[in-house]
Amino acid sequence: MPAVNVTLKDGADKKELENAKKTVTDQGGKVTHEFKLIKGFTAEFPADKVHTLSTNDHITVENDGEVKTQ
């Protein structure tokens, strides 16, 4: 399963993040890491189900990956 980062958009209620976590588990995924500095988490989530998260206007969903600096 691919990993995605889910973060709460500015001004969104914190309950939206909890709703996103529930969506992840309900759709067969699992939360693998919770961020401490920002409101968000990383989850392993079936690729064919990511659209269920992406339709939530209160969160941002991005593919997890390695970040490199020059």
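Okay, let's start with one residue, Val6. If we skip its neighbours within four places in sequence, Val6 touches Leu17, Ala20, Phe35, Lys39, Gly40, Phe41, Leu53, Ile59, Thr60 and Val61. Keep in mind that this is a predicted model.

So where does Val6 sit in the bigger picture? It belongs to the largest nonpolar core, a set of 13 residues, and Val6, Phe41 and Leu53 are the ones with the most contacts inside that core. As for the elements, β1, α1, β3 and α2 each give two or more residues to it.

Now let's look at α1. This helix runs over residues 15-26, so to speak, 12 residues in total, and it reaches 16 Å from the first C-alpha to the last, close to the 16 Å expected at 1.5 Å a residue. Which of its residues are buried? They are Glu16, Leu17, Ala20, Lys21 and Val24. These buried residues lie on the same side of α1, because they cover an arc of only 145 degrees around the axis. And what do they pack against? Here we get β1 (3-8), β2 (30-34), β3 (40-44), α2 (50-54) and β4 (59-63). Two of those buried residues, Leu17 and Ala20, were on the contact list of Val6 as well.

Just past the end of α1, have a look at Gly28, which takes a positive phi of about 95 degrees.

Last thing, the record. UniProt, in an unreviewed entry, lists residues 19-69 as "domain: Inhibitor I9". In our model that stretch is 25% helix and 29% strand, with its end C-alpha atoms 33 Å apart.

Terms used:
Residues are numbered from 1 along each chain as its sequence is written. This is a predicted model: local features need pLDDT of at least 70, side-chain atom pairs count only at pLDDT 80 or more; totals for chains, interfaces and linings use all residues. Side-chain values use heavy atoms; hydrogens and water are left out. Helices (H or I, at least four residues) and strands (E, at least two) are DSSP runs, numbered from the N terminus. The expected span of a helix is 1.5 Å times one less than its number of residues. Buried means under 20% relative accessible area, exposed over 50%, partly exposed in between (1.4 Å probe, protein chains only). The arc is that of the directions from the helix axis to the C-beta atoms. Contact means heavy atoms within 4.5 Å. A nonpolar core is a set of buried Ala, Val, Leu, Ile, Met, Phe, Trp, Tyr and Cys residues joined through side-chain atoms within 4.5 Å. UniProt positions are given in the numbering used here, feature names are shortened, and annotations may be inferred rather than shown by experiment.
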